[in-house]
Amino acid sequence: MELTVEEKEMLEGKQGRAVQKAMEILVTLGEIYNANKMVKVRSVQISGVSYANLGSPGLDFLRKLSEDGKVRVLTTLNPAGMDLEEWEKLGIPKDFAEKQLEVIDAFKAMGIITTATCTPYLVGNVPHYGDHVAWAESSAVAFANSVIGARTNREGGPSALAAALTGRTPMYGLHLEENRVPEVTVNFEGKLRNIFEFGVLGKAIAEKTKGKIVYIRGIEKASVDELKSFGASLATYAGIGIYHMENITPEAIKYEPPKNNLYLSQDDINSQLDSLRDENVEEIDFVTIGCPHASLEEIIKIADMLQGKKVTKEFWITTSRPIKTIADKVGLTKIIEEAGAKIAADTCCVVAPIKGRFKAMATNSAKACYYAKARNNFKVRIMSFEETVMEALK
Ligand code: F3S
């Protein structure tokens, strides 16, 4: 790889040990993927924040880096294993909480903004069209590349942190124009009636296109919440970091629809719904909304539906701390908590240590279904946003 004078200095350790380690990681990555240079990044989003994933080796690695490492660009964090302020209300064990807070302290010492959310683009980490960034968290990567038109590979936790400490990432993959070109046209004939059906469509496309970049036709309009659900699902089930949607995402206009066509209809949505609804669910004992993290609009809707009522099941609404803070200030949290539901900031149903606590989960998220089964062994039932809230009240 061709490195600039400054990058060579970083690699030689002239800018500190953490920067040297970070540059070693990036150069190794660049060599594996045949990058010929580094590109400066505008912002970073780091995954691998939950102590449940990091364990003590991960915490030691972060502590070491934080001895002399400081981030050079705006850097935010993915969800942690608990609400960082009110972890007790979620039933998180004290020993886990103490370790999780040490992880956060190590990130903070490096100058990272410790908003722990998978929707950094809703809370101030918002790149512009064409910006190079280094984001981890598959749903955020899909959003950045597709909806914003920024450029990022699907980073892992260490490579994203390395990018933050150096302000650079190797120029390969989705940073290059030629790797963003759609390969399959997906013609959808049907009407998506709800946010969760966008997620279900993402799964349907993922299973038929097997990791190809898609150009989707037939969607008339889509909100930010719908696109966040769609991208999360597509990224989860296909490992895709970018898609194009005709008349909706900004880069679609650059391309002719590929000649390789796939046709999907409402029937495909319906059969996917069946696959996300486990048989033999005797009783749902956990309900969650907020994968990806809930927006303010979603929290307003939930508060409207819960006003003056009482939930009968454990119900988590997972979101970012800044959105929760607004919800606190305008009285939404009070309404939700008086109904017995919990706004869980900084975390989510996948990264919190809740394996074994529940048997069956209701959610409006296709991504949450995937991980709840794979990681936590829960049975799952996907349903619409409204049905999910109603399920908590049943
Ligand atoms: Fe976010 Fe957790 Fe879902 S990180 S996308 S809420 S699995």
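In the loop between β5 (134-136) and α5 (138-148) sits Glu137. Although Glu137 is not a glycine, this residue has a positive phi of about 90 degrees. The model in which this feature appears is a predicted one. A second feature of the backbone is found in strand β12 (residues 286-294), the strand that holds Pro292. The peptide bond that leads from Cys291 to Pro292 is cis, and its omega is near -10 degrees.

The packing of the helices may be considered next. Two packed helices are described by the angle between their axes and by the distance between those axes. Helix α1 (residues 5-12) and α2 provide one case: their axes come within 7 Å and cross at roughly 110 degrees. Angles of 65 to 115 degrees count as roughly perpendicular, and α1 and α2 are therefore described as roughly perpendicular to each other. Their crossing is left-handed. On the side of α1, the contact is made by Glu7, Met10, Leu11 and Glu12, while α2 contributes Val19, Gln20, Met23, Glu24 and Val27. Sorted by class, the residues of this contact between α1 and α2 are five nonpolar, one polar and three charged.

Helix α2 (residues 17-32) also packs against helix α6 (residues 157-166), at an angle of about 125 degrees and with the axes 8 Å apart. How are α2 and α6 to be described in relation to each other, given this angle? Angles over 145 degrees count as roughly antiparallel and those of 65 to 115 as roughly perpendicular, with the rest above 115 counted as oblique; α2 and α6 are therefore oblique to each other. In passing α6, α2 makes a left-handed crossing. From α2, the residues Ala18, Val19, Ala22, Met23, Ile25, Leu26 and Leu29 meet Pro158, Ser159, Ala162, Ala163, Leu165 and Thr166 of α6. The contact of α2 with α6 comprises 11 nonpolar residues and two polar ones, with no charged residue. Val19 and Met23 of α2 are thus named in the contact with α6 and also in the contact with α1.

A further pair is formed by helix α3 (residues 51-66) and helix α4 (residues 94-109), whose axes come within 9 Å and cross at roughly 35 degrees. Here too the crossing, in which α3 passes α4, is left-handed. The residues of α3 in this contact are Tyr51, Ala52, Leu54, Leu59, Leu62, Arg63 and Ser66, and those of α4 are Phe96, Lys99, Gln100, Glu102, Val103, Ala106, Phe107 and Ala109. For the contact of α3 with α4, the division by class is 10 nonpolar, two polar and three charged residues.

The discussion now turns to the domains. The domain assignment of the protein gives domain 1 (5-177), domain 2 (181-275) and domain 3 (286-393). Taken over C-alpha atoms, the centres of domain 1 and domain 3 are separated by 26 Å. Their contact takes 26 residues from domain 1 and 23 residues from domain 3. Between domain 1 and domain 3 an area of about 1,800 Å² is buried, and carbon and sulfur atoms give 55% of this area. Which three residues supply more than any other three of the area that domain 1 buries against domain 3? They are Asp83, Lys89 and Leu90, which supply 26% of that area.

Key
Residues are numbered from 1 along each chain as its sequence is written. This is a predicted model: local features need pLDDT of at least 70, side-chain atom pairs count only at pLDDT 80 or more; totals for chains, interfaces and linings use all residues. Side-chain values use heavy atoms; hydrogens and water are left out. Axes are lines fitted to C-alpha atoms, for helices over the stretch in contact, and angles run from 0 to 180 degrees between N-to-C directions. Helices (H or I, at least four residues) and strands (E, at least two) are DSSP runs, numbered from the N terminus. Angles under 35 degrees count as roughly parallel, over 145 as roughly antiparallel, 65 to 115 as roughly perpendicular and the rest as oblique. A crossing is left-handed if the near helix is turned anticlockwise from the far one by less than a right angle, and right-handed if clockwise. Contact means heavy atoms within 4.5 Å. Ala, Val, Leu, Ile, Met, Phe, Trp, Tyr, Cys and Pro count as nonpolar, Asp, Glu, Lys and Arg as charged, and the others, Gly among them, as polar. Domain bounds come from an automatic or database domain assignment. Buried area is the accessible area (1.4 Å probe) that two parts lose on being put together, summed over both.
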